[in-house]
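User: I would like to work through this protein with some short questions. Please keep the reasoning plain.
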Amino acid sequence: NQVPDGGSCAIGAWFVAAGDVRTQPPPAANMPAAFGHAHTADAVDFAALAADEREAKWWAALSAEQLAAELRWAEQLLPTVFHVLRQGRTEPMGEGELLAHAQPGVYTCAGCALPLYASEHKLESSVQHGWPAFGTALGAGVSRRRQGKGAKVEVICARCSGHLGHVFSSKRYASGERHCVNSASLSFVPRGTAAGQLPPIAGGLTACCDADDL
């Protein structure tokens, strides 16, 4: 059951399919060969890229520029990470690997490695809600946008626009809000990690943090 303190990520969510825990990117045969070059709808087999009709429509709605960018992301990210971070889906409730994570450090974007949340802001109530929860974000790393015509406010990475989750008002916490974030959208960097040990960055972006940020 959800604790009624302002909303739930589950409402209206496009969930990642149960059991989608593949650890390798999609087969190259499903992707156009010329990554990094212009793509047109005629060059892409959306049915091969998609697991269902809804996902096929998501691919088909992209502009040529967006399509080229998302194909590059799909080539570099694990499937579940791509589904959540790039397609805006929601991982199954209670299954995220960072749900009960309590190690000190920084949670970064799983796509571009931008620091997003600090461990000291992680809420213990995340297990109750079903997804990792934070009382606030780090600096300007997280942006917000209204999702569709509803009242839900989406939180996204301020650099690569990757979907993180949603933010809800809450009187339970000092910050007055709760960031409900997917584990798949995050990477974790333990406190004290040396610059040379930072996680790899997808999407061809430049590193944004070093040991001083941790």
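User: Is Gln 147 buried, partly exposed or exposed?
Analyst: This is a predicted model. Gln 147 has a relative accessible area of 29%. Buried means under 20%, and exposed means over 50%. The value for Gln 147 falls in between, so the residue is partly exposed.

User: Where is Gln 147 found?
Analyst: Look at β4, residues 142-146, and then at β5, residues 153-157. Gln 147 belongs to neither strand. Its place is the loop between β4 and β5.

User: Which residues does Gln 147 touch, not counting those up to four places away in sequence?
Analyst: One partner is His 166, which lies 19 residues apart from Gln 147 along the chain. The C-alpha atoms of these two are separated by 9.2 Å. Contact is judged on heavy atoms within 4.5 Å, not on C-alpha atoms. By that rule, Gln 147 touches Lys 152, Glu 154 and His 166.

User: Is Glu 55 buried or exposed?
Analyst: Glu 55 is found in helix α2, residues 53-60. Its relative accessible area is 2%. The cut-off for buried is under 20%. So Glu 55 is buried.

User: Which side chains make polar contacts with the side chain of Glu 55?
Analyst: A polar contact needs N or O atoms within 3.5 Å. One pair involves Gln 87, at 3.0 Å. Another has a distance of 2.9 Å, and its partner is Arg 89. The names asked for are Gln 87 and Arg 89.

User: How many residues of helix α4 are buried?
Analyst: Helix α4 spans residues 79-86 and is mostly covered. Its buried residues include Pro 79, Phe 82 and Arg 86. They pack against α2, α3, β1 and β6. The count of buried residues in α4 is 8 of 8.

User: Which residue just after α4 takes a positive phi?
Analyst: Helix α4 covers residues 79-86. Just after it, the chain takes a phi of about 80 degrees. The residue is Gly 88.

User: Why is β1 described as largely enclosed by the rest of the structure?
Analyst: Count the buried residues in this strand, using the cut-off of under 20% relative accessible area. β1 is called largely enclosed because its buried residues number 5 of 5.

User: Which strands pair with β1?
Analyst: β1 has 3 antiparallel bridges to β2, residues 115-118. In that pairing, Tyr 107 stands opposite Tyr 117. Another antiparallel pairing has 5 bridges, with Thr 108 opposite Ser 187. The strands are β2 and β8.

User: Which residue in the turn of the β1 and β2 hairpin has a positive phi?
Analyst: The hairpin has 5 residues between its strands. One residue in the turn has a phi of about 70 degrees. That residue is Ala 113.

User: Which residues of β7 point the other way from Glu 177, His 179 and Val 181?
Analyst: In a regular strand the side chains alternate between the two faces of the sheet. In β7, Glu 177, His 179 and Val 181 point one way, and all residues of the strand are buried. Pointing the other way are Arg 178 and Cys 180.

User: Which residue of β7 stands opposite Phe 134?
Analyst: β3 and β7 pair in the antiparallel sense over 2 bridges. β6 and β7 are also antiparallel, over 5 bridges. There, Val 167 has its bridge partner in β7, namely His 179. Phe 134 also stands opposite His 179.

Note on methods. Residues numbered from 1 in each chain as written. Heavy atoms only, no water. Helix = DSSP H or I, 4+ residues; strand = E, 2+ residues; numbered from the N terminus. Buried < 20%, exposed > 50% of the residue type's maximum accessible area, 1.4 Å probe, protein only. Polar contact = N/O pair within 3.5 Å; in protein donor to acceptor, adjacent residues only side chain to side chain. Pairing = 2+ DSSP bridges.
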